[in-house]
Amino acid sequence: MIPRLKPALGYQEFLAALQPPRQDDVARFESVFAEMMGHRHAIAFPYGRTGLMFLLQTRDLKNKEIICPAYTCVVVPHAIVHSGNTPVFIDCKKNSFNMDLDMAEQAITGKTGALIATSLFGYPVDLDRLDQIRQRHPQVHVIQDCAHSFAAEWKGRPVQREGIAALFGFNISKILTSIFGGMITTDDERLCQKLRSVSGQVLKPASWRKDLRRLLYLVTVYPTFCQPIYSIINHLERSGRLNNFVQYYDELKIDMPKDYLESMCGVEARVGTENVKRYEDIISTRRSAAKYYFENLSRIIGHANGSHHNVSPFSIIAPGSFLLPPQVDGATYSHFVIQVSNRDQWLKKGIEKDVQLGWLIEYNIPEMISYGDHKPEEFPIAAQYSRTSVNLPVWGGERVAKRVLQDLCEDSFNEENLIS
Ligand SMILES: *Cc1c(COP(=O)(O)O)cnc(C)c1O
């Protein structure tokens with residue numbers, strides 16, 4: 001079984017988790033992370049979404065419109081709503097997973113408080129276009145959501161540095177992990193102080209129970225990502241249990257996790273401090289997997305119908321074909337996402353072949369009942385991505401990518417076989 005995701009954790013993280021707690025565990029994680037991201041400050045939170053919520057509050061944003069992608073992690077609008085503001089959703093740009101910045105600029109009104117620029121799946125947001133928006137609308141706070149991208153670069157410029165602050169998430173499915181947890185990074189001294197003072201007032205200190213819970217989570221979840229526990233993963237997968245670890249939403253509710261106001265705990269911070277040392281390795285591994293897929297996917301599996309730039313809203317992906325994602329310099333490939341016309345069959349084939357294929361992100365937020373039950377046609381590109389995306393494992397670099405394609409192709413896998 002090749003799992004669809006596998007956190008880059010080694011014995012060092014487990015050792016770190018078991019170290020006796022130190023007063024400055026969280027501060028140390030903040031300081032190494034800030035340095036790594038090239039920011040003066042980093043402030044840790046129990047979740048990325050908690051950080052976003054506080055960030056909006058410290059800018060005194062209340063009853064404002066916050067522009068964000070329709071196609072992003074649903075915790076983002078949840079945090080916007082919990083901060084007392086309203087999300088305004090923007091469809092993806094054609095040929096890109098990221099929000100259409102032309103449409104985003106058009107959506108700016110007198111009530112707009114902030115714009116959340118997300119670099120989805122590790123694809124850097126277009127900073128040239130974003131610069132224009134920032135110049136023309138200096139009152140709109142630009143927040144970089146780097147939960148998928150970490151230090152992705154747009155023409156050599158790291159995205160996380162272009163805005164009032166950047167947001168990161170560290171759950172086990174992210175590029176880097178601290179089990180759970182999130183971080184806001186910024187150069188703005190006053191913003192940092194305000195964030196610290198607000199979170200100091202509102203967040204509960206982490207209890208020893210949280211450390212214990214996180215430790216237990218780590219030791220139970222990690223093995224499910226490892227060889228040779230094939231049968232367990234398969235079982236979890238079939239029974240939907242694996243989803244419980246990474247599934248984080250209920251369409252009907254706008255909610256936050258129970259412990260979203262309990263500070264990051266020492267176990268998380270120590271694991272995170274250890275895990276960030278692997279960053280360069282993790283990114284180069286992902287890039288090499290992506291490179292392998294770009295070079296070999298069309299050759300081995302049936303025929304790609306060219307590339308991503310053929311995507312048009314609701315264009316039917318021709319049966320027997322699939323679309324490759326864009327190839328972008330500076331992308332960090334948190335996910336390698338192709339589009340297929342018949343996702344269920346791909347996923348089924350994957351399970352048969354012991355290759356887990358992911359289907360993240362499988363929703364278009366405005367279509368959710370709690371966000372207005374909009375018609376797919378109103379956000380056609382996000383709607384299409386939400387229905388056609390399949391992601392291939394990237395955590396193991398070229399070696400695992402090669403196995404993925406070999407295993408899938410054992411009996412001449414191609415879309416035509418799938419369809420018939
Ligand atoms: C994971 C994620 C976040 C933050 O998630 P938390 O679970 O709250 O840490 C924010 N934005 C995106 C796009 C994400 O994928």
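**Exercise 1. Polar contacts of the ligand**

In this predicted model, find which atoms lie 2.7 Å from an oxygen atom of the ligand, and state how much of the ligand is buried by the protein.

Solution.
- Step 1. Start with the backbone: a polar backbone atom of Gly48 is 2.7 Å from a ligand oxygen.
- Step 2. Turn to side chains. An N or O atom in the side chain of Arg49 also lies 2.7 Å from an oxygen of the ligand, and for the side chain of His148 the distance is 3.0 Å.
- Step 3. A polar contact requires N or O atoms within 3.5 Å. The Gly48 distance of 2.7 Å, the Arg49 distance of 2.7 Å and the His148 distance of 3.0 Å can be checked against this cut-off.
- Step 4. For burial, take the ligand alone: it exposes 380 Å², and the protein buries 97% of that area.

**Exercise 2. The shell around the ligand**

Determine how many residues surround the ligand, which elements give two or more residues to the shell, and how the shell divides by residue type.

Solution.
- Step 1. The ligand is surrounded by 14 residues, the closest being Gly48, Arg49, Asp145, His148 and Lys174.
- Step 2. Two or more shell residues come from each of α3 (48–58) and α4 (75–82).
- Step 3. By type, the shell holds 5 nonpolar, 6 polar and 3 charged residues.

**Exercise 3. Two aromatic pairs**

Classify the ring pairs Phe29–Phe170 and Phe97–Tyr123, and place each partner in the chain.

Solution.
- Step 1. The whole structure contains 23 aromatic pairs. In one of them, the ring centres of Phe29 and Phe170 are 5.2 Å apart with planes at 55°, so this pair is tilted.
- Step 2. Phe29 belongs to helix α2 (residues 25–37), while Phe170 sits in the loop between β8 (165–169) and β9 (182–186); the pair thus links distant parts of the chain, 141 residues apart.
- Step 3. Buried means under 20% relative accessible area. Phe29 is at 0% and therefore counts as buried; Phe170, at 1%, is buried too.
- Step 4. Phe97 and Tyr123 also form a tilted pair, with 5.8 Å from centre to centre and 40° between the planes.
- Step 5. Phe97 is in the loop between β3 (86–90) and α5 (101–106), and Tyr123 is in the loop between β4 (112–118) and α6 (127–136), so the contact ties together parts 26 residues apart in sequence.
- Step 6. Phe97 has a relative accessible area of 2% and is buried; Tyr123 is buried at 4%.
- Step 7. Phe97 and Tyr123 belong to a cluster linked by ring pairs, whose other members include Tyr71, Phe121, Tyr293 and Phe294.

**Exercise 4. Two loop residues**

Is Ser334 buried or exposed, and which side chain does its own side chain contact? Treat Thr109 likewise: give its accessibility and the backbone atom that its side chain reaches.

Solution.
- Step 1. Ser334 is located in the loop between β11 (321–323) and β12 (336–340). Its relative accessible area is 8%, so Ser334 is buried.
- Step 2. Ser334 makes a side-chain to side-chain polar contact with His335 at 2.8 Å.
- Step 3. Thr109 is in the loop between α5 and β4. At 36% relative accessibility, Thr109 is partly exposed, because that class spans the values between 20% and 50%.
- Step 4. The Thr109 side chain reaches the backbone nitrogen of Lys111 at 3.0 Å.
- Step 5. Thr109 and Lys64, 45 residues apart in sequence, have C-alpha atoms 9.9 Å apart.

How values were computed. Residues numbered from 1 in each chain as written. Predicted model: local features only at pLDDT ≥ 70, side-chain atom pairs only at ≥ 80, totals over all residues. Heavy atoms only, no water. Near = heavy atom within 4 Å. Polar contact = N/O pair within 3.5 Å; in protein donor to acceptor, adjacent residues only side chain to side chain. Areas by Shrake-Rupley, 256 points an atom, 1.4 Å probe, with all protein chains shown as cover. Helix = DSSP H or I, 4+ residues; strand = E, 2+ residues; numbered from the N terminus. Nonpolar A, V, L, I, M, F, W, Y, C, P; charged D, E, K, R; others polar. Phe/Tyr/Trp six-rings, centres within 6.5 Å; stacked < 30°, edge-to-face > 60°. Buried < 20%, exposed > 50% of the residue type's maximum accessible area, 1.4 Å probe, protein only.
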